[in-house]
Amino acid sequence: MNDAAIRDLGETLARYSQLPYERAWSMPRAFYTDPRVLNHEAESLFLREWICVGREEEVAKPGDYFVFRIWKESVVIMRGKDGKLRAFSNVCRHRGALIASGSGNRHLLLCPYHNWSYDTLGRLVATPGIDPRDDFDRADCRLPEFACTIWHGFIFVSLADNPQPLAPMLTELETLVRPYHLEEMKLRYLADEVWPVNWKCLVENFMEGYHLTPLHRETLHPVNPSRLCSHFPPGDAYFGYNAGFDPSLPRSQGGHPDLSDAEAANCVMAAIPPGLVIGCAGDYSSFLCVQPDSVDHVRVKMGLIFFGADWPQERVDWAVDLFQRTMGEDKEVLVGLMQGLNSRHQRPGPLARADLEGPTWDFYKYLNRRLGAALRAVSDEVGAPR
Ligand code: FES
Ligand SMILES: [Fe+2]
């Protein structure tokens with residue numbers, strides 16, 4: 001593909017943004033298969049926007065940390081001995097080895113290569129074998145720190161220099177999810193996976209109710225059938241839909257007392273793009289932190305959080321099993337979808353009514369706002385910066 005094809009994708013996003021929903025179509029396959037699109041997404045989205053990296057309770061105590069990769073940047077999220085949560089570049093100031101891995105609790109982060117160490121505030125505290133010298137002062141050296149904030153128990157990090165505060169961007173979404181009290185829910189299941197599919201396909205899949213009945217006939221359809229899905233208006237930094245629970249099925253456990261009956265009978269499916277999708281329900285909720293690994297692989301950190309401390313393990317196991325079977329069905333179809341998008345015979349198709357596929361259209365409009373101009377500005381000039 002030439003650069004004109006990338007510009008065409010930007011033009012298509014702009015054109016779609018002007019169309020009424022009744023004329024909504026899916027995006028051309030190059031949007032999901034061209035690595036140059038991904039490079040622009042990295043610059044315009046993942047290295048710039050607020051990115052969800054996990055749950056606050058993963059780092060509940062001073063010294064708790066975990067590592068998360070935002071695009072190609074390794075970030076360590078750590079609670080300092082002062083109780084404050086911070087996000088640091090996980091790259092050693094000596095020669096660039098990755099310092100921490102996985103998760104744990106430490107009062108010092110020790111680089112495995114030559115054992116330089118950093119305290120929980122990101123300060124370089126030991127440089128064994130480095131003699132005193134006038135061109136290097138350990139006290140001036142620390143790990144770069146990134147903006148870090150909490151929203152309803154979710155940790156967001158931005159690699160941008162001065163990001164706009166996150167919460168004011170989500171005010172209307174906040175009113176929808178507040179009664180569920182996600183911040184009080186407890187993490188009981190967490191998994192990291194890599195799926196061979198473009199990251200946007202996974203976001204779109206989680207965010208449309210059209211497939212709930214046909215694809216998840218034995219798993220989700222009895223709980224959240226497609227016919228009970230309804231679209232809600234998107235904001236600049238979020239979009240989503242409501243997935244109603246089948247009224248004939250009692251929910252397994254009550255949620256927060258703030259919930260009205262209508263809210264308890266509903267699951268708010270919300271995306272805070274580019275990297276977070278949530279299925280927010282009264283008794284328990286699910287989330288996916290989505291990161292592109294390459295144009296056709298996505299890293300997913302997925303979890304389930306439960307309201308109330310008294311969930312017996314067998315009920316948690318039941319929810320985890322349903323989630324895993326559902327995600328297995330999604331994965332199988334998305335692996336095939338990615339093969340389909342790589343077929344030269346694939347063409348865009350019309351989207352179903354807004355209650356079923358409206359969020360896909362909202363996602364395109366978001367991508368037009370954040371990414372479209374960069375795609376349209378791609379230049380054919382030899383050696384032009386990208
Ligand atoms: S690269 Fe970390 S101590 Fe050398
Ligand atoms: Fe699904």
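Colleague: In which order do the seven strands β1, β2, β3, β4, β5, β9 and β10 form their open sheet?

Modeller: First, the terms. Strands (E, at least two residues) and helices (H or I, at least four) are DSSP runs, numbered from the N terminus, and two strands pair if DSSP finds at least two bridges between them. In this predicted model, the order is β1-β10-β9-β4-β3-β2-β5, with antiparallel pairing. The edge strands are β1 (50-55) and β5, each pairing on one side only. Neighbouring strands are turned by 30° against each other on average, direction ignored; axes are lines fitted to C-alpha atoms, for helices over the stretch in contact, and angles run from 0 to 180 degrees between N-to-C directions.

Colleague: How many bridges join β2 to β3?

Modeller: Six, between β2 (residues 64-70) and the antiparallel β3 (residues 73-79). Tyr-65 faces Met-78 in β3, and Ile-70 has Glu-73 as its bridge partner. The two strands make a hairpin with two residues between them, and Trp-71 in the turn has a positive phi of about 55°. Toward β5 (residues 103-105), β2 has three bridges, with Phe-66 opposite Ser-103.

Colleague: Where does the largest nonpolar core lie?

Modeller: The general idea is that in soluble globular proteins, nonpolar side chains tend to be buried together. A nonpolar core is a set of buried Ala, Val, Leu, Ile, Met, Phe, Trp, Tyr and Cys residues joined through C-beta atoms within 7 Å; buried means 20 or more other C-beta atoms within 10 Å of a residue's own, with C-beta atoms placed from the backbone. Here the largest core has 104 residues, and among those touching the most other members are Val-75, Ile-77 and Ala-271. Its largest share, eight residues, comes from helix α9 (residues 354-376). Domain 1 (3-47 + 173-375) and domain 2 (50-158) both contribute, so the core lies between them; the domain bounds come from an automatic or database domain assignment.

Colleague: Which strands stand at the edges of the sheet β11-β17-β16-β15-β14-β13-β12?

Modeller: They are β11 (186-195) and β12 (229-232); each has a single partner strand, so one side of each is left without a neighbour in the sheet. The twist averages 15° from one strand to the next. Within this sheet, β15 (residues 276-280) and β16 (residues 284-294) pair antiparallel over four bridges, and Ile-278 has Phe-287 as its partner in β16. Helix α8 (residues 313-341) touches β11, β16 and β17 (297-306), its direction making about 160° with that of β17; contact means C-beta atoms, placed from the backbone, within 7 Å.

Colleague: How are residues and chains labelled, and what confidence is needed?

Modeller: Residues are numbered from 1 along each chain as its sequence is written, while chains are lettered from A and ligands numbered from 1 in the order in which they are written. Local features need pLDDT of at least 70 and side-chain atom pairs count only at pLDDT 80 or more, whereas totals for chains, interfaces and linings use all residues.

How values were computed:
Buried ≥ 20, exposed ≤ 12 C-beta atoms within 10 Å, placed from the backbone. Contact = placed C-beta atoms within 7 Å.
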